[in-house]
Amino acid sequence: LVGWAVRRGLRPLDRLAQGLAARAPGSREPVALDAAPTELYPVVHALNTQLERLEDALERERRFSADVAHELRTPLTTSLISVEGAMGNADPADADAALGQAQQALSSLARRVEQLLVLARLEAGTADRPREMVDLVPLAGEVIEEMAPVIAERRVEVSLEVPEAPVMVSGYAAGLLALMRNLVDNALRHVSEGGHVLLAVGYVGMAVLIEVTDDGPGIPPERRDEVFARFHREPGGHNEGYGVGLSIVQRVAELHGATIELLDAPWGRGLSVRVSLPRAGS
């Protein structure tokens with residue numbers, strides 16, 4: 001009788017073990033244990049909580065790997081362009097200039113790796129520093145300067161529209177830099193040779209606007225909600241994208257309490273991506 005009672009009492013644990021063994025990798029379904037003793041409910045609840053945290057951590061790792069591949073593409077491409085230009089140039093002065101550009105691109109690559117680590121900490125909620133006051137004007141200039149070799153290679157006109165006074169927001173510089181860079185990069189991938197991209201930063205009422213406009217094919221209104229999905233690639237763009245750029249933009253916007261709108265460009269065709277952030281002190 002004692003053996004039978006022990007086996008009967010342990011049956012819920014056996015069912016729990018079988019359910020965990022049969023659980024599909026990546027599943028977010030909570031573990032259910034029907035007809036279990038009341039004493040096991042806290043155990044099942046704690047187990048579900050830990051499984052959810054584990055899946056969140058694995059999802060962050062997968063997203064970070066995709067972000068690394070996407071974010072490092074531009075400085076690596078710039079470095080390759082500069083090195084190839086130096087190798088194929090017989091003029092020593094021009095070769096030295098190309099090598100200097102390659103050195104700048106590699107320095108940008110090192111900064112990008114550091115920024116990716118900052119973004120990873122922000123997403124995990126373990127940032128070791130509070131928000132700071134960030135001036136978006138020099139950040140916008142840094143984005144254009146960093147992407148200058150790629151802009152020249154694609155023969156696209158890129159304009160920068162910023163006020164003379166600082167445009168201040170409370171946030172994380174690395175995240176805001178990644179947001180603007182990915183918006184410009186996304187526009188470049190959908191603009192044909194000879195096209196135009198505009199990066200504008202400024203105040204509108206109690207909000208700060210970051211707006212990137214292009215004269216590419218645009219996106220129909222019914223498909224605009226889909227572009228923020230990870231790995232979504234809009235047809236008609238260049239094939240080197242990984243479909244995570246606007247997903248990064250959305251995540252950084254969420255970290256800063258910002259909103260994103262996809263609008264028709266005022267040039268008759270194209271897309272305008274408008275990010276509205278709270279004004280510092282508001």
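Here is a walk through this predicted model, from the whole chain down to a few single residues.

Let's start with the overall picture. The protein chain has 282 residues, and 41% of them are buried. Its secondary structure adds up to 8 helices and 7 strands. If you take the contacts between residues at least 6 apart in sequence, 70% of them join residues that are at least 24 apart.

Now find the sheet. Strands of a sheet pair through backbone hydrogen bonds, and that pairing can be parallel or antiparallel. The sheet to look at here is an open one of 5 strands, in the order β2-β4-β5-β7-β6, and its pairing is mixed. At the edges sit β2 (157–161) and β6 (259–264), each of which pairs on one side only. From one strand to the next, the twist averages 15°.

Walk across the sheet from the β2 edge. β2 and β4 run parallel, and 5 bridges join them. To place yourself, look for Leu-160, whose bridge partner in β4 is Leu-199. A helix lies against this sheet too: α7 packs on it and touches β2, β4, β5 and β7, with its direction at about 25° to that of β5.

The next step takes you from β4 (residues 196–204) to β5, and here the strands run antiparallel, joined by 8 bridges. One pair to click on is Leu-198 with its bridge partner in β5, Thr-213. The two strands form a hairpin with 2 residues between them, and Gly-205 in the turn has a positive phi of about 65°.

How much of β5 is buried? In this strand (residues 207–214), 7 of the 8 residues are buried, so the rest of the structure largely encloses it. On its other side, β5 meets β7 (residues 271–278), again antiparallel and again with 8 bridges. Two pairs mark the way along this pairing: Glu-211 stands opposite Arg-274 in β7, and Thr-213 stands opposite Ser-272. Thr-213 is thus a handy landmark, with Leu-198 as its bridge partner in β4 and Ser-272 opposite it in β7.

β7 is mostly covered as well, with 6 of its 8 residues buried. It runs antiparallel to β6, and 6 bridges hold that pairing. Thr-259 stands opposite Ser-276 in β7. β6 and β7 form a hairpin with 6 residues between the strands, and within it Gly-268 takes a positive phi near 95°.

While you're in β7, have a look at Leu-271, which lies in this strand. Its relative accessible area is 4%, so Leu-271 counts as buried. Leaving aside neighbours within four places in sequence, its contacts include Val-212, Thr-213 and Asp-214, along with Gly-218, Ile-219 and Arg-224, and also Leu-262, Leu-263 and Ala-265. Gly-218 is worth picking out: it is 53 residues away along the chain, yet the C-alpha atoms of Leu-271 and Gly-218 are separated by 4.7 Å.

Back to the helices. Two packed helices are described by the angle between their axes and the distance between the axes. For α5 (residues 136–146) and α7 (residues 173–188), the axes come within 10 Å and cross at roughly 45°. That angle makes α5 oblique to α7, and the crossing is right-handed. On the α5 side, the residues involved are Leu-136, Leu-139, Ala-140, Glu-142, Val-143 and Glu-146. They meet Ala-173, Leu-176, Leu-177, Met-180, Arg-181 and Val-184 in α7. Sorted by class, this contact has 9 nonpolar residues, no polar ones and 3 charged ones. Recall that α7 also packs on the sheet, and you have α7 touching both α5 and the strands.

Two more residues round off the tour. Is Ser-79 buried or exposed? This serine, found in helix α3 (residues 73–87), has 8% relative accessibility and therefore counts as buried. Beyond its neighbours within four places in sequence, Ser-79 is in contact with Ala-102, Ala-105 and Leu-106.

Arg-155 sits in the loop between α6 (148–154) and β2. With a relative accessible area of 57%, Arg-155 is exposed. Check its backbone as well: phi of Arg-155 is near 55°, a positive value in a residue that isn't glycine.

Conventions: Residues numbered from 1 in each chain as written. Predicted model: local features only at pLDDT ≥ 70, side-chain atom pairs only at ≥ 80, totals over all residues. Heavy atoms only, no water. Axes fitted to C-alpha atoms, helices over the stretch in contact; angles between N-to-C directions. Helix = DSSP H or I, 4+ residues; strand = E, 2+ residues; numbered from the N terminus. Parallel < 35°, antiparallel > 145°, perpendicular 65-115°, else oblique. Left-handed = near helix turned anticlockwise from the far one by under 90°. Contact = heavy atoms within 4.5 Å. Nonpolar A, V, L, I, M, F, W, Y, C, P; charged D, E, K, R; others polar. Buried < 20%, exposed > 50% of the residue type's maximum accessible area, 1.4 Å probe, protein only. Pairing = 2+ DSSP bridges.
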